[in-house]
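Dear colleague,

I am passing on the structure below, together with some notes on two parts of it. Please look through it before reading on.

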Amino acid sequence: MNNMLDEIVKHYPAAKGPQKQALVQNWNMLKSMSEGILEEWLHFEEKMAIFRESAVSPPVFPPTEAPELQLDAFVRGQGYYKLLMFQPAIQQFEAAALIFPDSLLIKLYIAMSYMYLGQTSQASDVLVSILPLADDRKLRAIIYNALGCIEVLNGQQRKAEEHFVLAMQSDPTLPDPMINMEVCKQNCGELQYGSQLISLL
């Protein structure tokens, strides 16, 4: 699918006549396949949620299992998030937040989605609002790490390093802040944030 899309992007601007029609047909086919894959993934996530809720002897889940994990809007939001479709993910998570307004997990997903969209101001507002309420050490580490990444993007290296240190102190097992500290000092590399989010579930 990716190769076919690359060919469409490459040849479509100069294509004419039958070639252009063929590329349009390929585009429509890819669009249909993509929508089908998305629906299958969301259906899979919904079945996973139903199983967790109804199984007599379900798998062992972390003690942080929260009721919002069973919510259809949350499951759909997580599906979109995993597919890197962050705008529809935000819409689903915001719908879930109407039902569970105190859920730090939902708000963290919203903040991370904003970050991936490059909307760091919105992400920062959400992260700052939930930080004082975060008792879980891994959750606090993820929040501090994300705030550090925002400071890097804003050109505030010293503040960024302070946040990365707080993240490492909160949870020394989280790899992202250590990686980001090096990125910050070397002024090269790719910032890491949100990669440990799914591990909270």
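**Helix 8 against helix 9**

In this predicted model, the contact is made on one side by Gln-157, Ala-160, Glu-161, Phe-164, Val-165, Ala-167 and Met-168 of helix 8, which meet Pro-177, Met-178, Asn-180, Met-181, Cys-184 and Lys-185 of helix 9. By class, the residues of this contact divide into nine nonpolar, two polar and two charged. Helix 8 covers residues 157-170 and helix 9 residues 176-186, and the two pack at an angle of about 160° with their axes 9 Å apart. Since angles over 145 degrees count as roughly antiparallel, helix 8 and helix 9 are therefore roughly antiparallel to each other, and helix 8 passes helix 9 in a left-handed crossing.

**Helix 5**

The second part concerns helix 5, residues 104-116, where 11 of the 13 residues are buried, so that the helix is largely enclosed by the rest of the structure. The buried residues are Leu-104, Leu-105, Ile-106, Leu-108, Tyr-109, Ile-110, Ala-111, Met-112, Ser-113, Tyr-114 and Met-115, and they pack against helix 3 (72-82), helix 4 (86-99), helix 6 (120-130) and helix 7 (137-153). As for its length, at 1.5 Å a residue the 13 residues of helix 5 should span 18 Å, which agrees with the 18 Å between its end C-alpha atoms. Just after helix 5, Gly-118 takes a positive phi of about 85°.

With best regards

Key:
Residues numbered from 1 in each chain as written. Predicted model: local features only at pLDDT ≥ 70, side-chain atom pairs only at ≥ 80, totals over all residues. Heavy atoms only, no water. Axes fitted to C-alpha atoms, helices over the stretch in contact; angles between N-to-C directions. Helix = DSSP H or I, 4+ residues; strand = E, 2+ residues; numbered from the N terminus. Parallel < 35°, antiparallel > 145°, perpendicular 65-115°, else oblique. Left-handed = near helix turned anticlockwise from the far one by under 90°. Contact = heavy atoms within 4.5 Å. Nonpolar A, V, L, I, M, F, W, Y, C, P; charged D, E, K, R; others polar. Expected span 1.5 Å × (residues − 1). Buried < 20%, exposed > 50% of the residue type's maximum accessible area, 1.4 Å probe, protein only.
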